[in-house]
Structures are given as structure tokens and as C-alpha cells.
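Biologist: Could you show me the model and help me see how its labels are earned?

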Amino acid sequence: RQAARVAGWSGPGRTADGVEVAILANVADGSSARAATDHPVEGVGLFRTELAFLERADEPSVEEQADIYREVLDAFGGRRVVIRTLDAGSDKPLRFVHQPEEANPALGVRGDRIALAHPEIRAHQLDAITRAAEGSETSPWVMAPMIASPAEAAAFAAQVRERGLVAGVMIEVPAAAILAPAILAEVDFVSIGTNDLTQYTMAADRMSADLASLTDPWQPAVLHLIATVARAGRDQGKPVGVCGEAAADPILACVLVGLGVTSLSSAPVAAAAVGARLGGVSRSTCENAATAALATTDPAAAREAAAAVLENEE
Ligand code: PEP
Ligand code: MG
């Protein structure tokens, strides 16, 4: 029955009682964005721009960047497209961003921090996004990765708004989740990166197969941080998305919605299953599943508790 529902699910994302939750795609370039339109997604929740330039030895020109960004905007003409500025460093080194040798690159100059030494790379990218937006019917939302403080969020938002664009940040550092009310006050939206938020909350390398149970986004400590962020978003009437792979797990997606998350973005292949599952449950069931998961102390128990609520109340 579930399989039949998944095959036929065509969006838009909403709970059984009609609460809208945008189901969005994570993409890497124009061709992956066009491929994403084969799935029932309503837009792009995370365009990882660094992935379009992994092979480049030199910084792509503003024109060349704008062409790539325009391809993604055009694939989703008129719909939401969230572009993330370069998340270089750590697991995604970029050759044209010359970075220092670091003992702990995941804790080093990565993401938004590259703009400290290379403000021109950030400025060129924002110029390219602005240029792409000018020729498109889609007005992108622009967000920064690896923001750790309200001051960093404010500095980024000022640069984005100067160009007439909507500004947001990723919440993937625990400090940013803890201070979510102050961060949200500086921006128009946030998107929670559960891959890194889990890595940094649990102090466990996301690339380590040996630590898979620690890097499980069902970790209750991570769910509590997500709850903090979602509550701040609700208080301020601002969107709080999730764009880590946690959003691809249909049961966890229901829990995220129960915590107050307003959009879910992941690999597009997950969209139909997530949308179908969410469409079968009410918001209050999602809230009950979230409450049950938050009351546990380990990931397996959290999943079991949430699944039991969803099964019983469906
Ligand atoms: C994340 O950290 O959850 C995220 C979406 O960003 P990335 O996986 O690209 O680091
Ligand atoms: Mg990340």
C-alpha cells in the first residue's frame, strides 16, 4: 500500500491536514537540476555550488559562474531555488581556494570562513548570482555555509541584501543552533545542515564508517538542537528548512515537521517516499512523534519511538 502511494505521489508536500511543507532537491549543477525535475520536487533547497567547480585550478570568471547558476534557476523557472555560496575546504577542497595546511580541516578555514582570507571570491560569486538572477524569472535565495555566530550571519546578509537578494544561512555548527534566535534576527531564512550539525554535535567525523552510530541524525542531542532552531523560526515567522540527508528519511522527515521545520531538501530520489509518508499523517501526529523521539537518549530508541507513534496514529 505504501509502495503504491509512493509511486503515485506527485506533490506538493503537505501533511494529511494540509500543512504545507515544501519538498525540495539538493543539486550540484545545471544537469543535476534538470534531472531533479523528473521527481516530485517543488524547487531546490540546496545548490552546492562548490561541486560545480571541484576540477577547476583557477577561479571561474563571473560570467562563467553566472551561466552555471542561470542553468539551475532556469531548470526551476519561477520556483524556489536556494543557492549556497562556496563550501570549500574539509571534505570538499577547491583547488583555486588556496588554503593553509591544517591539522583539523573540518575545524579549520572552511565554508564561510574562506571569505576571511579571500573576500574577493565571495564578492565575485555574489556578483555572478546577481547577474544570473537578472536574466531569470527565478529570484534565488542565497545562503552561507558554516556560520558560527550572529555577527557572521549579519555580515553575510548585508552583502547579499546589498544586491537585492534574499539572505539566509545554514545552521550546521552547534553554536549557531544554540543562538538560533539571534541568528534568525539577522537573516530571512535558515536551513539546517544535519550532516555537519551531527558531525559537530557528536564530535564524530562524518566520513568515518567506524563512527556511523554517532553520526546518525536520529541522535536525540541533534533533534534537540533542531527543535531549538525550529522554535526560533516559528517565533519570528521565518522559514526553517532541513537540507541534510536526514530529510531523505520518511520517518525522520515526519519528526522534523513535528519539530516545526518548514521545508525538506535532499537527494531528489527521496522526494516521492518522503512526500507520500508526510501526506499520510497530520501535524499533531508529527508533533507527537517528535515529542516521543526527544524523550529518548539514543538514536535507535528515538527512531523506534517515533515510528510507533506514526504507526498508531496514522
Ligand atoms: C550538511 O552539512 O548537512 C549539508 C547539507 O551540507 P554538506 O553536506 O554539503 O556539507
Ligand atoms: Mg555542511
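Modeller: Gladly! Val229 touches Ile171, Ala177, Ala180, Val190, Ile192 and Val240, leaving aside residues up to four places away in sequence. This is a predicted model: local features need pLDDT of at least 70, side-chain atom pairs count only at pLDDT 80 or more, and totals for chains, interfaces and linings use all residues. Residues are numbered from 1 along each chain as its sequence is written, and chains are lettered from A and ligands numbered from 1 in the order in which they are written.

Biologist: What makes Val229 and Ile171 count as touching?

Modeller: Two residues are in contact if their C-beta atoms, placed from the backbone, lie within 7 Å. Val229 touches Ile171, so this pair meets that limit.

Biologist: Which residues have the most contacts inside the largest nonpolar core?

Modeller: Val44, Val169, Val229 and Leu256, in a core of 95 residues. Helix α10 (residues 220-236) gives the most to this core, 8 residues.

Biologist: Why is β1 called mostly covered?

Modeller: A residue is buried if 20 or more other C-beta atoms lie within 10 Å of its own, exposed if 12 or fewer, and partly exposed in between. In strand β1 (residues 22-27), 6 of 6 residues are buried, so each reaches that 20.

Biologist: How do you know that β1 pairs with β8?

Modeller: Strands pair if DSSP finds at least two bridges between them. β1 and β8 (residues 263-266) have 4 bridges, in the parallel sense, so they qualify. Ile23 stands opposite Leu264 in β8.

Note on methods: Core = buried A, V, L, I, M, F, W, Y, C linked by C-beta atoms within 7 Å. Helix = DSSP H or I, 4+ residues; strand = E, 2+ residues; numbered from the N terminus.
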